[in-house]
Amino acid sequence: MILVRRLAGATRPRGLAGRGLASRTSGAPREAADAVVVGAGVVGLAAARALAMAGREVVVVEAAPSFGTGASSRNSEVIHAGIYYPPRSLKATLCVRGKEMLYKYCKERGVAHKRISKLIVATGAAEVPKLDMLLRNAKENGVDDLQLMEGSEAMEMEPELRCLKALLSPSTGIIDSHSLMLSLLADAENLGTTVSYNTAVISAHVGSEGLELHVCESKELQNCHVESHVNSQIVLLPKLVINSAGLSAVPLAKQFCGLDQAFVPTPHYARGCYFTLSQTKSPFRRLIYPLPEDGGIGVHVTIDMNGLVRFGPDVEWISDGGKDHVSCFLNKFDYSVNPNRCSVFYPVVRKYFPNLKDGSLEPGYSGIRPKLSGPGQPPSDFVIQGWDVHGIPGLVNLFGIESPGLTSSLAIAEHIVSKYL
């Protein structure tokens, strides 16, 4: 297939190297394609694998030089149980289903993970009723293994913990997200999938031959101004497009000529910072979560596969994160962690971990969450939007795939295949 030869390559698409820029209407080569997945995050890779397993010829187009450089590698690496999400929502159903699929997949493929469990804690009397609400909500979602316990029981399990009551979630776990993505990538490639890195989809429209994706090397965007015209180097003519671009999924959809923009939501972005604990020995054996807060599920304790203890993420809304689509395509978000933010972490963490010592928190990393609801608004659900909604045959948009996106990744892919193939 000519498309494969032109776009394959770990560092730059072969066939584009040395090719002069052509305008969108003056001679850019046009290549037929079967299925194109935009974005090589965990959900994009899971979708590519599922499509390939269903017999489709798949090309994954990724603007970064490697897979999983966005939200997929900047999270808590937690396998969620499905506790928080509204019953019958996509987040609830796909998290619960995805958790089952993920544990099975990790066991079969040898992907590093641990069913470590977690405690959701109430540290004040006013929070105790919220635990009861979470317990009822979880049962409606099909999560029936939660255990409500007194603070004394929880503190016996975790001596460094302080709380009045707690919910124990035995099916919560942790995972090596990089190993997971590497395994999904290997599966997809073994089934014939091609991944083209450093390759950006800059726009699309519905033409006489169906969907047209305008593609160029990512380096062509580096010095591009927001309003300037970028010439495509290849025009892809796919039968199926999965817009799984994560942080840039909404900005990309805004570049789709022919897509009614009424179906494209307003993006919101929230940065979350993590701080690591300097002491080598973990004070906890389980994950510790406070009650949810606006924009997130609270500054919690996570433990990675190497035993490193992390606290986070907090929530910092980025007001102008979605204005510049080119910057979104290139993932030019500010991922720096201000060391001074630890002053906010200490009092929050000490509500459940009072022995946290001054100076023991060190800047870790940050992630950006692609949200569909802003400050003070109710949390939004995943949006998996196909032609039954927007009317464009062959286009499936994935919007607002934040937590529990990692847990739900295999189930999202399964959902796409069952509904749109």
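Colleague: Happy to start with Asp334: is this residue buried, partly exposed or exposed?

Modeller: Keep in mind that this is a predicted model. Buried would need under 20% relative accessible area and exposed over 50%. Asp334 has a relative accessible area of 42%, so the residue is partly exposed.

Colleague: Thanks! With which residue does Asp334 form a salt bridge?

Modeller: A side-chain nitrogen of Lys or Arg has to come within 4 Å of a carboxyl oxygen of Asp or Glu. Here the closest N and O atoms are 3.9 Å apart, and the partner of Asp334 is Arg271.

Colleague: Where do the two residues of that pair lie, and how many residues apart are they in sequence?

Modeller: Asp334 lies in the loop between helix H8 (325-329) and helix H9 (342-349), while Arg271 belongs to strand S14 (residues 268-277). Arg271 is buried, with a relative accessible area of 11%. The salt bridge therefore ties together parts of the chain whose separation in sequence is 63 residues.

Colleague: Which residue meets Glu316 in a salt bridge?

Modeller: The N to O distance in this pair is 3.6 Å. Glu316 is in strand S18 (residues 316-318) and its partner is in the loop between H8 and H9, 25 residues apart. Glu316 is partly exposed at 23% relative accessible area, and the partner counts as partly exposed at 22%. That partner is Arg341.

Colleague: Now to Arg109 and Asp187: which of these counts as buried?

Modeller: The two form a salt bridge, with the closest N and O atoms 3.3 Å apart. They link distant parts of the chain, Arg109 being in helix H3 (residues 90-109) and Asp187 in helix H6 (residues 177-190), 78 residues apart. Arg109 has a relative accessible area of 38%, so this residue is partly exposed. At 14% relative accessibility, the one that counts as buried is Asp187.

Colleague: Which residues are joined into one network by salt bridges that share partners?

Modeller: A search of the whole structure finds 19 salt bridges. Arg109 and Asp187, the pair from the last answer, both belong to the network. Its members are Arg49, Lys104, Glu108, Arg109 and Asp187.

Colleague: Let's move on to Ser76. Which side chain does the side chain of Ser76 join in a polar contact?

Modeller: Ser76 lies in the loop between strand S2 (58-61) and strand S3 (78-79), and Ser76 is buried at 9% relative accessible area. Leaving aside neighbours within four places in sequence, Ser76 is in contact with several residues, including His300, Thr302, Arg310 and Tyr365. The polar contact is 2.8 Å, and the side chain on the other end is that of Tyr274.

Colleague: What is the omega of the peptide bond from Gly312 to Pro313?

Modeller: Gly312 and Pro313 are both among the contacts of Ser76. Pro313 sits in the loop between strand S17 (309-312) and S18. The bond is cis, with omega near -5°.

Colleague: And which residues does the cis peptide bond with omega of about 10° join?

Modeller: The proline of this pair lies in the loop between strand S21 (395-399) and H11. The bond joins Ser403 and Pro404.

Colleague: H11 brings me to packing. How many nonpolar, polar and charged residues are in the contact of H2 with H11?

Modeller: Helix H2 (residues 42-53) and helix H11 (residues 405-420) pack at about 35°, with axes 8 Å apart, and the crossing is right-handed. Among the residues that meet are Val43, Ala46, Arg49 and Ala50 in H2, with Leu406, Leu410, Ala413 and Val417 in H11. By class, the contact has 12 nonpolar, 2 polar and 1 charged residues.

Colleague: One more about backbone angles: what is the phi of Glu77?

Modeller: Glu77 is found in the loop between S2 and S3, and is buried at 17% relative accessible area. Although Glu77 is not a glycine, its phi is positive, at about 55°.

Colleague: Last one: what separates the C-alpha atoms of Met149 and Leu164?

Modeller: Met149 is placed in strand S6 (residues 147-150) and is buried, with a relative accessible area of 7%. Its contacts beyond four places in sequence include Leu119, Met157 and Leu168. Met149 and Leu164 are 15 residues apart along the chain, and their C-alpha atoms are separated by 9.1 Å.

Note on methods: Residues numbered from 1 in each chain as written. Predicted model: local features only at pLDDT ≥ 70, side-chain atom pairs only at ≥ 80, totals over all residues. Heavy atoms only, no water. Helix = DSSP H or I, 4+ residues; strand = E, 2+ residues; numbered from the N terminus. Buried < 20%, exposed > 50% of the residue type's maximum accessible area, 1.4 Å probe, protein only. Polar contact = N/O pair within 3.5 Å; in protein donor to acceptor, adjacent residues only side chain to side chain. Contact = heavy atoms within 4.5 Å. Axes fitted to C-alpha atoms, helices over the stretch in contact; angles between N-to-C directions. Left-handed = near helix turned anticlockwise from the far one by under 90°. Nonpolar A, V, L, I, M, F, W, Y, C, P; charged D, E, K, R; others polar.
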